[in-house]
Structures are given as C-alpha cells and as structure tokens.
Amino acid sequence: MQLKFNIIAAVCEGNGIGINGQLPWKLKGEMAYFKKITSTPPSGAEGKKNVVIMGRKTWESIPSKFRPLDNRINVVISTTMESGEGSDASKGVMVFRSLGSALSALALPPYSDLCADFWLIGGSSLYAEALRHPNCHRLYITHVLKKFDCDTFLPLIPAQFKAIKVDGVPEGKQEENGIEYEYKVYEATSDPPA
Ligand SMILES: NC(=O)c1ccc[n+]([C@@H]2O[C@H](COP(=O)([O-])OP(=O)(O)OC[C@H]3O[C@@H](n4cnc5c(N)ncnc54)[C@H](OP(=O)(O)O)[C@@H]3O)[C@@H](O)[C@H]2O)c1
C-alpha cells in the first residue's frame, strides 16, 4: 500500500522554481504560508506530525540553521546521501533511495502511527514523478505573477488536476516587495493517463 500525498510549490511565469540551488525570489509571507500549510496536521490527527518529502538538492538549499524543517518529519530522497544519525548531513532526517520506497515504508508502523499528511516539497524531478503518481491528491501552487531567471522548473500541471477552493487558503492577489502572487489549489479528478 502507498500513501496519498500533496505537492506544494511556488512557480513563476515560465514555470521556474529555482536558480543556483536557491529560490529566485524572497517572499516572507509566502514562506510563512508554506510553513503553516505543511506543518498543520488535519483535524483528528492532533499529536501526529506532517511529513515533508524532498530531493537532496532541496534539502541542501535549506539554510543549515533551519533544517530539519521544524514540527515536521523530514524525508530526503537521495541515492548518495548517507542515512542515519551518524552523518552530519542527514541529522534529523530520514533518507530513502526512491519516492516509492519512502511512500511504502511510511505507510507501515511505526511511521503510520506518527505521520499525518504527506507533502512533497520539490524539486524538479520529484515533482515530475509525483505529478504522474496515482496517489498524488492535491497541488498547492503559488503562482508568482512575474518572470524570474530560473534553471529549475515545475513540469506542466496535468489536465486531470482542477482548481478548487480550500478553507484557510487566502483568495485573490497577494503582494510583497512589489511582487504579486496568488495561492491556488488543484485536485486530481481522475487517475493520471496510463
Ligand atoms: N519554488 C519552489 O517551490 C521550490 C521547491 C523546492 C525546490 N526549489 C528549488 O529547486 C532547486 C532544487 O531542486 P532540483 O530539482 O535541482 O533538485 P532536487 O529534486 O531537490 O534534488 C535532486 C536530487 O534528489 C535526488 N533525487 C531526486 N529524484 C530522485 C529519485 N526519483 N530517486 C532517487 N533520488 C532522487 C537525487 O539525489 P542524489 O544525487 O543524492 O541521488 C537528485 O540529484 C533549488 O533551486 C530550490 O531552491 C524550489
């Protein structure tokens, strides 16, 4: 059995998400939204923690003082990173060799008793794999309404995902530092095409 999970990403015009291993923009309010959405367990799951799943480069893009991301179970997908507490790079984080092996393991005890919602937080190749995955439930996408230089991109959102309204997600345009952006949520209305 594998778990349902959501994707969260901020994407600018042209589908860019990153440059030189970092975010292309500084949007404090958007970062606070990411933290709130990924940290808050759904009602009925109080006492459990949400899980954030990310690629190795996304893990490395988080300043060391902020990782592991607090109040969340941090999972890194990597074929090269050492797992276990002995490795400085991986302290406080679980390392899996593939998305499939992570989702399979986390669906079983003891993890299933500890984990609430599952959030895939990037980067590019994990988003691509996740968007084709039958267990990908919702996409929380922040559309940054400006073009930035980027070297990392979000694949196009497949047609089976339709925009929905979700309580707690602010509607309409937001603005910070003269940059406009909008929060959207998309839900899969059918399985991905075979
Ligand atoms: N705007 C946003 O919302 C957002 C979100 C996340 C990240 N970003 C940005 O995106 C950039 C980082 O993303 P990225 O796409 O370059 O890298 P990434 O996906 O975070 O990391 C790539 C690495 O993850 C591991 N990996 C990925 N898929 C795997 C798989 N299927 N199986 C096994 N290992 C896998 C591999 O690590 P090994 O080489 O160790 O095997 C691979 O080299 C940064 O600029 C970051 O700031 C933006």
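This report walks through the pockets, the ligand surroundings, two helices and a few unusual backbone spots of a predicted model.

## The largest pocket

Let's start with the open space in the protein. The largest pocket holds about 1,600 Å³ of space, and 50 residues line it. Nearest its centre you will find Leu23, Met31, Thr58, Ser61 and Ile62. Try finding these five residues in the structure above, and you will have a good starting point for looking around the pocket.

Which elements give two or more residues to this lining? They are strand 1 (5-12), strand 2 (16-18), helix 1 (28-39), helix 2 (56-61), strand 4 (72-77) and helix 5. Helix 1 gives the most, with 6 residues. By residue type, the lining of the largest pocket divides into 21 nonpolar, 18 polar and 11 charged residues.

## The second largest pocket

The second largest pocket has a volume of about 250 Å³. Its lining is made of 14 residues, and those nearest its centre are Ile37, Thr40, Trp119, Tyr140 and Asp167. Helix 1, strand 6 (115-120) and strand 7 (136-144) are the elements that give two or more residues to this lining.

Helix 1 is worth a second look here: it gives residues to the lining of the largest pocket, and it also gives residues to the lining of the second largest pocket. The residues lining the second largest pocket divide into 6 nonpolar, 4 polar and 4 charged.

## Around the ligand

Now let's turn to the ligand. How many residues surround it? There are 27, and the closest are Arg56, Thr58, Ser78, Thr79 and Thr80. Thr58 is a name you have met already, as one of the residues nearest the centre of the largest pocket.

Some contacts with the ligand involve the protein backbone. A polar backbone atom of Ile17 is 3.0 Å from a nitrogen atom of the ligand. With Lys57, a backbone N or O atom lies 3.1 Å from an oxygen atom of the ligand. With Ser124, the distance from a backbone N or O atom to an oxygen atom of the ligand is 2.7 Å.

## Two helices, each with a buried face

In helix 5 (residues 124-131), the buried residues are Leu126, Tyr127, Ala130 and Leu131. Why do they line one face of the helix? Looking down the axis of helix 5, you would see its buried residues fall within an arc of 130°, so they sit along one face.

Helix 3 (residues 99-106) can be read in a similar way. Its buried residues are Leu99, Ala102, Leu103 and Leu106. Viewed down the axis of helix 3, these buried residues fall within an arc of 95°, so they line one face of the helix. A general rule helps with reading such lists: an α-helix has 3.6 residues a turn, so residues three or four places apart point the same way.

## Unusual spots in the backbone

Two peptide bonds deserve a close look. The bond from Arg67 to Pro68 is cis, with omega near 0°, and Pro68 is in the loop between helix 2 and strand 4. The bond from Gly122 to Gly123 is also cis, with omega near 0°. Gly123 has its place in the loop between strand 6 and helix 5.

Two asparagines stand out for their phi angles. Asn15 is not a glycine, yet it has a positive phi of about 75°. You can find Asn15 in the loop between strand 1 and strand 2, and its relative accessibility of 24% makes it partly exposed. Asn71 is not a glycine either, and it has a positive phi of about 60°. Asn71 belongs to the loop between helix 2 and strand 4, the loop in which Pro68 is found.

## A buried asparagine and a strand

Is Asn135 buried or exposed? Asn135 is buried, with a relative accessible area of 17%; the cut-off for buried is under 20%. Asn135 lies in the loop between helix 5 and strand 7, and its side chain reaches the backbone oxygen of Leu3 at 3.2 Å.

Finally, look at Ala188 in strand 11 (residues 179-188). Ala188 counts as partly exposed, at 26% relative accessibility. The C-alpha atoms of Ala188 and Gly178 are separated by 33 Å, with the two residues 10 residues apart along the chain.

Definitions and conventions:
Residues numbered from 1 in each chain as written. Predicted model: local features only at pLDDT ≥ 70, side-chain atom pairs only at ≥ 80, totals over all residues. Heavy atoms only, no water. Buried < 20%, exposed > 50% of the residue type's maximum accessible area, 1.4 Å probe, protein only. Helix = DSSP H or I, 4+ residues; strand = E, 2+ residues; numbered from the N terminus. Arc of directions from axis to C-beta. 1 Å grid on protein atoms, 1.4 Å probe; cavity = no way out; pocket = protein on both sides within 12 Å on 5 of 7 lines; lining within 4 Å. Points joined across faces, edges and corners; volume = space filled by probe spheres on them. Nonpolar A, V, L, I, M, F, W, Y, C, P; charged D, E, K, R; others polar. Near = heavy atom within 4 Å. Polar contact = N/O pair within 3.5 Å; in protein donor to acceptor, adjacent residues only side chain to side chain.
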